[in-house]
Amino acid sequence: MKVIVLFGPPGIGKGTIGALLSKRWNIPLVSIGDLLRENVKNNTEIGKKADFYMKKGELVPDEVVFEALSCKLDEQKNNKAILVDGFPRNLNQANLLESILKPEDRIILLNLVADDDLLIERLSLRRICKKCGAIYHLKNIPPKRDNICDYCNGELIQRDDDTPDVISRRLSVFRRETQPLIDYFGEKHRLLTISAEGGPEDILARIEQTGIWE
Ligand code: AMP
């Protein structure tokens with residue numbers, strides 16, 4: 001199995017690109033952020049533990065994330081490839097991921113990069129469908145009708161952690177805990193670095209040009 005890890009700071013577009021790639025390549029997408037938000041919404045034991053950290057923009061403790069993730073990954077183990085958005089986010093999580101894969105499995109890091117100004121703009125203009133989770137950007141990917149999802153007519157909302165102070169906390173957590181991973185993890189696995197400037201189709205084209213399936 002190929003495990004394609006979508007790597008990059010908050011706001012870079014991992015969720016949008018992950019959903020498009022999942023459709024185009026017909027492989028499953030596991031988003032840790034979505035998984036945790038679902039648990040918070042359903043007020044599960046995992047959700048109760050995660051909520052406190054997510055509200056502040058801090059990483060949820062590894063054991064809680066791993067509990068939420070491990071059965072999801074196990075469900076997907078017979079696929080030829082999967083996309084993972086939001087994991088690993090620190091060194092311990094990288095080791096955990098390596099430890100659950102089989103020797104023949106391959107990890108590919110899709111490292112999306114862009115300037116901070118672009119990330120902050122994308123996060124502040126991001127809107128999410130409350131019902132189906134579709135992601136919009138008020139300028140680049142606007143809904144056809146104001147505040148209404150094109151796919152399910154659900155209401156579009158701003159995520160609780162897309163406020164300016166939580167955004168800046170999430171960016172600094174990324175720099176401190178997640179970014180350094182790229183040196184360690186990137187040396188051991190295949191690393192593809194892609195500019196995330198422009199619209200989703202531009203980014204997709206760059207990803208496919210890397211020859212990721214070769
Ligand atoms: P995201 O949807 O990827 O932006 O994640 C939203 C929030 O979920 C993060 O700010 C963290 O609080 C939490 N989270 C997501 N992935 C992880 C992870 N791998 N480890 C710890 N916390 C995470």
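Let me begin with the largest cavity, where the strand β1, residues 2-7, and the helix α7, residues 164-178, each supply at least two residues of the lining. Before going further I should say that what you have in front of you is a predicted model, and that the values I quote are computed from it.

Staying with that cavity, β1 gives the largest share of its lining, with three residues. The whole lining is made up of V5, L6, F7, G8, K14, G86, F87, P88, R89, F174 and T178, and by class these residues divide into six nonpolar, three polar and two charged. The space inside comes to about 60 Å³, and the structure holds one cavity of 30 Å³ or more. As background, rolling a probe the size of a water molecule over the atoms shows where empty space is left.

Two of the residues in that lining, F87 and P88, are also joined by a cis peptide bond, with omega at about 0 degrees. P88 is found in the loop that runs between β3, residues 81-85, and α5, residues 91-100. While we are on the backbone, N147 also deserves a mention, since its phi is near 60 degrees, a positive value in a residue other than glycine, and N147 sits in the loop between β6 and β7. To put both of these in context, most residues other than glycine have a negative phi, and most peptide bonds are trans.

Now to the ligand, and here G86 and R89, which we have just met in the cavity lining, come up again. Which residues come nearest to the ligand? Of the 16 residues around the ligand, they are R37, E58, G86, R89 and Q93. For three of these I can give a distance: a backbone N or O atom of E58 lies 2.6 Å from an oxygen atom of the ligand, a polar backbone atom of G86 is 2.7 Å from a nitrogen atom of the ligand, and a polar side-chain atom of R89 lies 2.8 Å from a nitrogen atom of the ligand. Taken alone, the ligand exposes 490 Å², and the protein buries 96% of that. Helix α2, residues 32-41, contributes the largest share of the shell, four residues, and the shell as a whole has seven nonpolar, three polar and six charged residues.

There is also open space elsewhere, in the second largest pocket, which holds about 180 Å³. Its lining consists of M1, S70, L73, D74, K77, I82, I100, L101, K102 and D105, and these divide into five nonpolar, one polar and four charged. Helix α4, residues 62-75, provides the largest share of that lining, three residues.

Finally, let me turn to a sheet. In what order do its three strands lie? They form an open sheet in the order β6-β5-β7, and the pairing is antiparallel. The edge strands are β6, residues 135-137, and β7, residues 156-157, each of which pairs on one side only. Strand β5, residues 126-129, pairs with β7 in the antiparallel sense over two bridges, and I128 has I157 in β7 as its bridge partner. The loop with N147, mentioned earlier, is the one between β6 and β7, which are the two edge strands of this sheet.

Key
Residues numbered from 1 in each chain as written. Predicted model: local features only at pLDDT ≥ 70, side-chain atom pairs only at ≥ 80, totals over all residues. Heavy atoms only, no water. Near = heavy atom within 4 Å. Polar contact = N/O pair within 3.5 Å; in protein donor to acceptor, adjacent residues only side chain to side chain. Areas by Shrake-Rupley, 256 points an atom, 1.4 Å probe, with all protein chains shown as cover. Nonpolar A, V, L, I, M, F, W, Y, C, P; charged D, E, K, R; others polar. Pairing = 2+ DSSP bridges. 1 Å grid on protein atoms, 1.4 Å probe; cavity = no way out; pocket = protein on both sides within 12 Å on 5 of 7 lines; lining within 4 Å. Points joined across faces, edges and corners; volume = space filled by probe spheres on them.
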